[in-house]
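Visitor: I have the sequence and the model open. Walk me through the labels, and justify each one.

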Amino acid sequence: MQVTHLNSGAQPHHRWCPSKPIFSYAFVPSQSAECQTFHGEDSLIATDRGNFNSLYPPVFYMTMSAFVSGEPESSAVLMRSVSILLLVGIFCALWNLLPGNRRLTLVWGLVITSVPLGMFLLASNNPSSWAIISAGALWMSLLGYFESSGWRRAGLGALAVLALIIGAGARADASVYAVLAILVVCVLTVEKTWRWVGAALLPFLLVVVAVGFALSASQSSVALSGLGSPGPASWQSLFLVNLLEVPSLWVGVFGSWDLGWLDTHLPSVVWVGGLGVFVACVSVGLKESSIRKILAVGIVVASMCVIPAYILARSGAQVGTDVQPRYVLPLVVMLGGLALLDIDLWRFRLSWTQTLIPLTVLAGGNSLALHTNMRRYLTGLDERGPDLDAGAQWWWDISVSPMLVWAVGSLAFGGFLALLARETLSSGRERETVRVNVGTFDRER
């Protein structure tokens with residue numbers, strides 16, 4: 001939405017902007033998105049719904065404002081496309097720059113934490129999309145930076161800087177997660193050598209930048225005082241209560257919490273399947289762990305418990321209000337990757353059944369979640385049936401039908417997972433060949 005006038009005539013900290021539609025379907029899952037009331041095109045209203053109050057760090061909104069035009073629909077699509085291209089570009093660059101034994105960890109860590117909430121947010125116009133991208137890319141680029149040399153180290157260092165800027169520049173909590181990612185990488189790589197100390201100058205500077213971004217946003221006050229409402233005198237007791245309930249936020253990442261305005265309920269099979277895949281893959285990854293890896297995983301898990309429980313307690317609230325699963329999703333993404341991380345030459349290896357079953361479950365869960373989310377806005381969730389075209393009340397006036405969009409989206413993600421399966425299995429065969437050849441050579445000797 002384009003701001004056309006500054007504060008003249010408005011309340012302090014407000015701006016004049018074109019009046020937005022009234023979304024009367026919000027929080028009413030049975031109502032399609034057709035239920036929107038528009039004011040006149042030339043009418044202006046005073047609003048405080050903008051980042052001119054510095055609620056968020058400046059980078060996300062400053063960047064996206066360059067793609068705003070007088071056409072809300074085209075602006076929204078363009079901004080979504082920018083986030084998608086940013087995700088694809090960063091992860092493709094990481095794939096090409098990382099050492100070979102880190103590439104599958106990079107992709108698997110994101111994939112097993114992306115359905116359905118990650119998929120919903122990554123292509124959205126919510127700053128959480130950039131926080132998720134940063135969470136998946138920053139720690140891996142820094143790890144590769146410490147493990148590489150020459151032009152690869154320079155490239156990975158540049159990607160680490162970019163990942164930190166897009167995350168910390170989008171949300172204040174992403175700055176905290178960035179510092180955690182840097183701490184985790186230091187735990188995994190620290191050495192008593194001048195080479196490591198010299199390389200550590202980059203993550204030190206990144207910490208300074210992250211803190212600067214956090215302090216630039218009024219969101220950072222949440223870390224000390226909660227979400228605005230004063231906490232009770234015995235907030236410590238509430239903190240302990242919330243600790244016991246925090247795992248529901250983690251499970252919400254996989255779809256147990258509703259999407260959107262928390263009004264789009266997904267079939268339980270989506271979150272059961274997604275959570276099952278995550279637990280299975282993490283169990284495989286943790287089968288062989290070093291002390292460093294266990295310590296790094298412990299830091300992330302402790303953060304997943306303490307941060308949301310503390311914020312809720314200081315706000316006088318309990319799990320289920322205020323803090324949503326999307327706030328902890330970046331930490332879940334980091335945990336998924338860390339659990340699958342290769343340590344001491346051990347590599348992430350799966351059989352063909354261990355590869356195909358979880359990826360098939362994720363493909364099916366994503367397709368079902370996409371279908372349900374589209375149904376919610378096309379007709380409302382009170383309508384049933386597999387055909388999204390039937391009775392659609394809200395859609396663009398174009399020749400591309402809802403069913404075609406759903407089919408292409410489902411097949412695109414499924415095709416990507418098929419490529420990941422092929423890469424995983426072929427990588428496993430190559431490692432087995434090397435292992436057998438080395439064993440034969442040792443016996444001949």
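Guide: This is a predicted model. Start with Arg102: at 6% relative accessibility it counts as buried.

Visitor: Why is Arg102 called buried?

Guide: Buried means under 20% relative accessible area. Arg102 has 6%, so it counts as buried.

Visitor: What makes Arg102 and Glu147 a salt bridge?

Guide: The cut-off is a Lys or Arg side-chain nitrogen within 4 Å of a carboxyl oxygen of Asp or Glu. The closest N and O atoms of Arg102 and Glu147 are 2.5 Å apart. That is within 4 Å, so the pair is a salt bridge. Arg102 lies in helix α3 and Glu147 in helix α5, so the pair ties together parts that are 45 residues apart in sequence.

Visitor: Is Glu147 buried or partly exposed?

Guide: Partly exposed, with a relative accessible area of 37%. That label covers values between 20% and 50%, so Glu147 fits.

Visitor: How many salt bridges does a search of the whole structure find?

Guide: Three. Side chains of opposite charge can pair when their charged atoms come close. Arg171 and Asp173 make one of the bridges, at 3.0 Å from N to O. Both of these residues are buried. Arg376 and Asp263 make another, at 2.8 Å from N to O. Arg376 lies in helix α16 (residues 352–378) and Asp263 in the loop between α12 (247–252) and α13 (268–285), so this pair ties together parts that are 113 residues apart in sequence.

Visitor: How do you know that Arg376 and Asp263 are buried?

Guide: Arg376 has 0% relative accessibility. Asp263 has 6%. The cut-off is under 20%, so Arg376 and Asp263 both count as buried.

Visitor: Now the cavities. How many are there of 30 Å³ or more?

Guide: The structure holds three. The largest has about 60 Å³ of space. Its lining includes Ala131, Trp139, Tyr177, Pro330 and Met334. The elements that give two or more residues to this lining are α5 (128–147), α7 (172–189) and α15 (325–339). α5 gives the most, with five residues.

Visitor: What classes of residue line the largest cavity?

Guide: There are 10 nonpolar residues, one polar and no charged. Ala and Pro count as nonpolar, so Ala131 and Pro330 belong to that class.

Visitor: What lines the second largest cavity?

Guide: Its lining includes Thr105, Leu106, Gly109, Trp139 and Gly337. The volume is about 50 Å³. α3 (100–111), α5 and α15 each supply at least two lining residues. The largest share, four residues, comes from α3. By class, this lining divides into five nonpolar, four polar and no charged. Gly counts as polar, so Gly109 and Gly337 are in the polar class.

Visitor: Which residues form the nonpolar patch on the surface?

Guide: Val77, Trp396, Ile398, Val400, Leu404, Val405 and Val408. Together they have about 590 Å² of accessible area. Helix α17 (residues 402–444) gives the largest share, three residues. Val405 is found in that helix.

Visitor: What makes Val405 eligible for a patch?

Guide: A patch residue needs over 30% relative accessible area. Val405 has 34%, so it passes that cut-off. The value is also in the partly exposed range.

Visitor: What is the phi of Phe27?

Guide: It is near 70°, a positive value in a residue other than glycine. Most residues other than glycine have a negative phi. Phe27 is found in the loop between β2 (22–23) and β3 (36–37).

Visitor: Why is Phe27 called exposed, and Asp322 partly exposed?

Guide: Exposed means over 50%. Phe27 has 58%, so it is exposed. Asp322 has 40%, which falls between 20% and 50%, so it is partly exposed. Asp322 also has a positive phi, near 65°. Asp322 is found in the loop between α14 (291–314) and α15.

Visitor: Which peptide bond is cis, with omega near 0°?

Guide: The bond from Val115 to Pro116. Most peptide bonds are trans. Pro116 lies in the loop between α3 and α4 (117–122).

Key:
Residues numbered from 1 in each chain as written. Predicted model: local features only at pLDDT ≥ 70, side-chain atom pairs only at ≥ 80, totals over all residues. Heavy atoms only, no water. Patch = residues over 30% accessible without salt bridge, like charges linked within 9 Å, V, L, I, M, F, W, Y side chains within 5 Å. Areas by Shrake-Rupley, 256 points an atom, 1.4 Å probe, with all protein chains shown as cover. Buried < 20%, exposed > 50% of the residue type's maximum accessible area, 1.4 Å probe, protein only. 1 Å grid on protein atoms, 1.4 Å probe; cavity = no way out; pocket = protein on both sides within 12 Å on 5 of 7 lines; lining within 4 Å. Points joined across faces, edges and corners; volume = space filled by probe spheres on them.
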